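Trainee: I should like to learn how to read the features of a protein model. May we work through them in turn?

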Amino acid sequence: MHQQKRQLELVEGNLPVFVFPTELIFYADDQSTHKQVLTLYNPYEFALKFKVLCTTPNKYVVVDAAGAVKPQCCVDIVIRHRDVRSCHYGVIDKFRLQVSEQSQRKALGRKEVVATLLPSAKEQQKEEEEKGIKEPLSKSLFFEQSFQPGLITMAILRT
């Protein structure tokens with residue numbers, strides 16, 4: 001039964017792919033973020049081949065864009081942003097990790113990771129804080145009411 005399920009997954013090409021993180025955010029003013037690491041996990045009992053594709057390969061360098069992952073192991077894939085210009089701020093690029101069984105060519109599964117270049121980490125944090133302050137009260141407070149005969153109670157839950 002287990003072998004049959006595995007074969008079905010392999011044939012259909014929908015093998016789950018485990019990658020962390022699922023989003024990369026690069027900050028123009030913080031050079032330490034220009035190089036980031038994706039970790040590809042292989043929880044399976046068989047080895048996987050992988051390939052990293054990108055929607056804008058001229059903006060990134062992918063170290064070891066293809067390789068193998070042993071069963072129940074992981075590999076780190078280094079991604080460097082090499083075109084940090086203001087015209088790229090806010091543009092969402094995508095990386096696709098395709099995996100296949102070691103001896104096969106057909107992709108068994110894939111996972112997409114989005115990448116965005118933002119101007120400043122401090123500016124982004126400030127925007128998020130302002131957004132939280134400006135957010136209507138009804139979005140950040142939830143009320144739970146419970147009714148007992150002769151007694152009304154109210155609990156305030158903050159998000």
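Trainee: This is a predicted model. Is Phe 95 buried or exposed?

Mentor: A residue counts as buried when its relative accessible area is under 20%. Phe 95 has a relative accessibility of 0%, so Phe 95 is buried.

Trainee: Which ring pairs with that of Phe 95, and in what geometry?

Mentor: One considers the distance between ring centres and the angle between planes; an angle over 60 degrees counts as edge-to-face. The partner is Tyr 60: the two centres lie 4.9 Å apart and the planes meet at 70 degrees, so this pair is edge-to-face. Because Tyr 60 belongs to strand E5 (residues 60-63) and Phe 95 to strand E8, the pair ties together parts 35 residues apart in sequence. Tyr 60 is likewise buried, at 4% relative accessibility.

Trainee: How many aromatic pairs does the structure hold?

Mentor: The structure holds four. Another of them joins Tyr 44 and Phe 46, with 5.4 Å from centre to centre and 20 degrees between the planes, which is a stacked arrangement. Tyr 44 and Phe 46 are both buried, and together with Phe 18 they form one aromatic cluster.

Trainee: Which residues have the most contacts inside the largest nonpolar core?

Mentor: Such a core is read as a set of buried nonpolar residues linked through their side chains. Here the largest one has 25 residues, and those with the most contacts inside it are Leu 24, Leu 38, Leu 40, Phe 50, Ile 77, Phe 95 and Leu 97. The elements that give two or more residues to this core are strands E2 (23-27), E3 (35-42), E4 (48-54), E7 (73-81), E8 (92-101) and E9 (109-118).

Trainee: With which residues is Leu 40 in contact, leaving aside its neighbours within four places in sequence?

Mentor: Excluding such neighbours reveals what the fold brings together. Leu 40 is in contact with Val 17, Phe 18, Val 19, Phe 50, Val 69, Cys 73, Cys 74, Val 75, Ile 77, Leu 97 and Val 99. For the protein as a whole, among contacts between residues at least 6 apart in sequence, 58% join residues at least 24 apart.

Trainee: Two cysteines appear in that list. How many disulfides does a search of the whole structure find?

Mentor: A disulfide is a covalent bond between the sulfur atoms of two cysteines. The search finds zero disulfides. For Cys 74, the nearest cysteine sulfur is that of Cys 73, at 7.1 Å, whereas the cut-off for a disulfide is 2.5 Å. Cys 74 is partly exposed, with 42% relative accessibility, and Cys 54 is also partly exposed, at 22%.

Trainee: Where is Asp 83 found, and what does its side chain join in a polar contact?

Mentor: For a charged residue, one reads location, accessibility and partners together. Asp 83 sits in the loop between E7 and E8, and its relative accessibility of 15% makes it buried. Its side chain forms a polar contact of 2.7 Å with that of Arg 85. Beyond residues up to four places away in sequence, Asp 83 touches Lys 59, His 88 and Leu 117.

Trainee: How many helices and strands are there in the protein, and in what order do they run?

Mentor: There are three helices and 11 strands. From the N terminus, the order is α-β-β-β-β-β-β-β-β-β-α-α-β-β. Of the 159 residues, 30% are buried. The accessible surface comes to about 11,000 Å², and 54% of it belongs to carbon and sulfur atoms.

Key
Residues are numbered from 1 along each chain as its sequence is written. This is a predicted model: local features need pLDDT of at least 70, side-chain atom pairs count only at pLDDT 80 or more; totals for chains, interfaces and linings use all residues. Side-chain values use heavy atoms; hydrogens and water are left out. Helices (H or I, at least four residues) and strands (E, at least two) are DSSP runs, numbered from the N terminus. Buried means under 20% relative accessible area, exposed over 50%, partly exposed in between (1.4 Å probe, protein chains only). Contact means heavy atoms within 4.5 Å. Accessible areas come from the Shrake-Rupley method with a 1.4 Å probe; for residues, only the protein chains shown count as cover. A nonpolar core is a set of buried Ala, Val, Leu, Ile, Met, Phe, Trp, Tyr and Cys residues joined through side-chain atoms within 4.5 Å. A polar contact is a pair of N or O atoms within 3.5 Å; within protein, one must be able to donate a hydrogen and the other to accept it, and residues adjacent in sequence count only if both atoms are side-chain atoms. Rings of Phe, Tyr and Trp (its six-membered ring) pair if their centres lie within 6.5 Å; planes under 30 degrees apart count as stacked, over 60 as edge-to-face and the rest as tilted.
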